[in-house]
Amino acid sequence: MDFLTNTNNLLLLATLLTSGLALALPQILGRLNKQLLSVHESVQWINQRQAQIVDIRTPDEYKAGHIANSKHLPLSELDSGLKQAKIDSNKPIILVCLSGTRANTALGKLKKAGCKEVACMDGGISAWNQAGMPLIK
């Protein structure tokens with residue numbers, strides 16, 4: 001009981017809970033809004049809904065291995081290269097990067113550009129590799 005009555009311990013506990021919630025909240029909200037897809041869900045979108053895969057990694061990362069039929073559009077060129085990459089804004093789009101961080105940044109840009117249904121692959125190419133899925137080199 002002494003632990004809970006000490007003010008320093010309560011502040012530490014409150015900080016721990018707040019930071020944990022701040023880290024988990026984007027993941028939870030992304031799943032609820034269907035903005036984050038697991039590798040399995042991504043494959044379902046590709047097979048059942050003809051989703052387009054847009055790989056936003058750097059050219060070197062893309063050359064090291066990418067998902068079959070993915071369209072390469074580096075994040076730095078996203079604003080200007082959307083039409084050149086021949087991305088259909090009416091079809092579902094799955095954004096892929098190395099770990100999922102850059103894809104979340106690109107998600108907002110594509111939505112503002114008029115793309116109707118955009119999601120990020122949770123964990124990116126790293127998760128794709130861990131699931132044992134094939135890459136083209």
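R57 and D55 are both buried (under 20% relative accessible area; exposed is over 50% and partly exposed lies in between, with a 1.4 Å probe and protein chains only). They also form a salt bridge, a side-chain nitrogen of Lys or Arg within 4 Å of a carboxyl oxygen of Asp or Glu.

A word on the model: this is a predicted structure, where local features need pLDDT of at least 70 and side-chain atom pairs count only at pLDDT 80 or more, while totals for chains, interfaces and linings use all residues. Residues are numbered from 1 along each chain as its sequence is written, and side-chain values use heavy atoms, leaving out hydrogens and water.

How many salt bridges does a search of the whole structure find? There are 3, listed here.

| Salt bridge | N to O distance |
|---|---|
| E117 and R49 | 2.5 Å |
| R57 and D55 | 2.8 Å |
| R102 and E61 | 3.0 Å |

The R102 and E61 pair links distant parts of the chain, with R102 in helix α6 and E61 in helix α4 (residues 59-64), 41 residues apart. Helices here are DSSP runs of H or I, at least four residues long, numbered from the N terminus. R102 counts as partly exposed because its relative accessible area is 24%, and E61 is partly exposed at 22%.

R49 has another partner besides E117: its charged end sits over the ring of W45, 4.5 Å from the ring centre. That label requires CZ of Arg or NZ of Lys within 6 Å of the ring centre and within 35 degrees of the ring normal. R49 itself is partly exposed, at 32% relative accessible area.

Definitions and conventions. Helix = DSSP H or I, 4+ residues; strand = E, 2+ residues; numbered from the N terminus.
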